[in-house]
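Have the viewer open and a pen handy? Let's take a walk through this chain, from its cores to its charged pairs.

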Amino acid sequence: MTDRRSFLRSLAVAAPVLRPDAVRRLGEAMAQATAGGGPDDEAYWAGIQRAFDCDRTMVNLNNGGVSPTPSHVLDQMIRDLRFSNELPVEHMWRVLEPRIESVRRDLARTFGCDPEEMAIVRNASEANETMIFGLDLRKGDEVIVTNQNYGRMLTAWDQRARRDGIVVKSISFPIPPKSRQQVVDRFAASITPRTRAIEVTHITNLSGQVMPVRELVELARPKGIAVFVDGAHAFAHFPFTRDDLGCDYYGTSLHKWLLAPIGTGFLYVRRDKVQGLWPLMAASKEMDANIRKYEEIGTHPAANHNAISVALAFHHAIGADRKIARLRWLRDRWAKRLMKESDRVRLYTPLDSEESGAIGLVDIDGLDPAKLQAWLLGTHHIVTTLIVHEEFKGLRITPNVYTTPGEIDLFADRVLEAIKRGVA
């Protein structure tokens, strides 16, 4: 685990000057992050919570969309933005932008790949659409997705079908599935000699179901089928590396579970696949085999992506295993209580399993989830996510490391109140 000295040393690459209050924030955050503590050690997690400047008049249970970043990470980004603004062509382009190589190194080490396979992008959509539009496909070629893939990715595939005449085949699977193999079998049944690609979410944004990525890669690779992994909700949520998945392509956002600034993500492409995957925005021929071709997006702030390294240091200081243990503990605190106290509660997320993490999808028999969501927000200032799918519906609940047990209990209290009295 990262110690306090190495944590602070890791920030030296990020910017030329640290404000005194930033040093204090960093020291306090690191002292808490390395102090130890189990999933229910509130003295420990209270220290982590203090690393965030949150609006505690609201209970934010939609961290699956985008999460607040720790205050010291935000401080670094703002400081670099100010430094850039003093003389952008020198400070941003010459001083700060080259430090993206340190970010690339740190992300690659955490993901378990070569830095020459790691592109720094703005979000999972950019990463995944690079895969979707970057693969050479011909009219009649088939792609397999699920009807639980992220909507923007399905829209991108639909546009490609309309433009290029490819065939997009969508499969369904129950939530939670009976087994990982049940999901693999659904994909396998749709493969034909014309199948060229599979896109799969690592963990769904709807119910928080962790998908059998490695098994799908092992199914597809011998057939010459590319597997694109949408990891928007997975990286820094629960522990894994590239080799755990065996994948050739992976895209994710870093402003969710890594707690990096908004507008940060990465695209991994295995080194021997880089030349065959076109970038979204044109790069010179000399960059055909260079992972940096996916970063050729024109002028953009260096401050956002350089702060990724600070967020990574904070993540490592907490520890991936300890982090997911806390997130599952928070999820179980509300989910198991609701299920115990009412037989009207239906949970679509598997508990007591490595097939899920912080995300939970719950539906209450006899309660319209849209009205429940509006009541929780309007009356009790509790933010949740309405999920309406063709096969299921409910509220998605996603706490994060700054969420308190009291906030979780307030949510459960109000849902139980709604079950008893309604929300009219």
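Helices here are DSSP runs of H or I with at least four residues, numbered from the N terminus. That is the sense in which H16 is used for a small detail: just after H16, Gly 422 takes a positive phi of about 85°. Bear in mind as we go that this is a predicted model.

Let's stay with H16 for a moment. The helix runs over residues 405–421, and its 17 residues should span 24 Å at 1.5 Å a residue; the end C-alpha atoms are 24 Å apart, so the two values agree. Plenty of its side chains are tucked away: Pro 405, Glu 407, Ile 408, Phe 411, Ala 412, Val 415, Leu 416, Ala 418 and Ile 419 are buried.

Now step back along the chain to the loop between strand S13 (393–397) and H16, where you'll find Thr 398. Is Thr 398 buried or exposed? Its relative accessible area is 0%, and buried means under 20%, so Thr 398 counts as buried. What does Thr 398 touch, once residues up to four places away in sequence are set aside? There is a run of partners at Asn 60, Leu 61, Asn 62, Asn 63 and Gly 64, plus Trp 257, Ala 358 and Ile 359. Asp 164 is another story: 234 residues separate it from Thr 398 along the chain, and their C-alpha atoms are separated by 38 Å.

Next, the nonpolar interior. The largest nonpolar core has 69 residues, and within it Leu 107 and Tyr 250 touch the most other members. Helix H13 (residues 308–318) gives the most to this core, with six residues. If you centre the view on Leu 107 and ignore residues up to four places away in sequence, you'll see it touching Met 118, Ile 120, Phe 235, Leu 254, Phe 266, Ile 308 and Leu 312. There is also a second, separate core of 26 residues, which includes Leu 61, Leu 351, Ile 397 and Val 423. Leu 61 may ring a bell, as one of the residues that Thr 398 touches.

Gly 265 is worth a stop too. It lies in strand S8 (residues 265–269), and a relative accessible area of 0% makes it buried. Leaving aside neighbours within four places in sequence, Gly 265 is in contact with Ala 119, Ile 120, Val 121, Arg 122 and Asn 123, and also with Thr 252, Ser 253 and Leu 254. Two of those names, Ile 120 and Leu 254, also turned up among the contacts of Leu 107. Leu 137, by contrast, sits 26 Å from Gly 265, C-alpha to C-alpha, with the two positions 128 residues apart in sequence.

Over to helix H4 (residues 71–86). With 16 residues, H4 reaches 23 Å from its first C-alpha to its last, close to the 22 Å expected at 1.5 Å a residue. The buried residues of H4 are a mixed bag: Ser 71, His 72, Val 73, Asp 75, Gln 76, Met 77, Arg 79, Asp 80, Phe 83 and Ser 84.

A little further along comes helix H5 (residues 88–96), home to Trp 93. Trp 93 counts as partly exposed because its relative accessibility is 47%. Together with Leu 87 and Val 89, Trp 93 makes a nonpolar surface patch of about 300 Å².

H5 also brings us to the charges. Side chains of opposite charge can pair when their charged atoms come close. Glu 90 and Arg 94 form a salt bridge, with the closest N and O atoms 2.5 Å apart; both lie in H5, four residues apart, about one turn of the helix. Glu 90 is partly exposed at 31% relative accessible area, whereas Arg 94, at 54%, counts as exposed.

Helix H8 (residues 151–164) has a pair with that kind of spacing: Arg 160 and Asp 164 are four residues apart, so about one helical turn separates them. Their salt bridge has its closest N and O atoms 2.7 Å apart. Here Arg 160 counts as buried at 6% relative accessibility, while Asp 164 is partly exposed at 28%.

Elsewhere, the side chains of Arg 242 and Asp 243 meet in a salt bridge of 2.6 Å, N to O, and Arg 242 is buried, with a relative accessible area of 10%. Finally, Glu 101, Arg 104, Glu 116, Arg 292 and Glu 295 are linked in a network of salt bridges. Across the whole structure, a search finds 32 salt bridges.

Technical notes: Residues numbered from 1 in each chain as written. Predicted model: local features only at pLDDT ≥ 70, side-chain atom pairs only at ≥ 80, totals over all residues. Heavy atoms only, no water. Patch = residues over 30% accessible without salt bridge, like charges linked within 9 Å, V, L, I, M, F, W, Y side chains within 5 Å. Areas by Shrake-Rupley, 256 points an atom, 1.4 Å probe, with all protein chains shown as cover. Salt bridge = Lys/Arg side-chain N within 4 Å of Asp/Glu carboxyl O. Helix = DSSP H or I, 4+ residues; strand = E, 2+ residues; numbered from the N terminus. Buried < 20%, exposed > 50% of the residue type's maximum accessible area, 1.4 Å probe, protein only. Expected span 1.5 Å × (residues − 1). Core = buried A, V, L, I, M, F, W, Y, C linked by side-chain atoms within 4.5 Å. Contact = heavy atoms within 4.5 Å.
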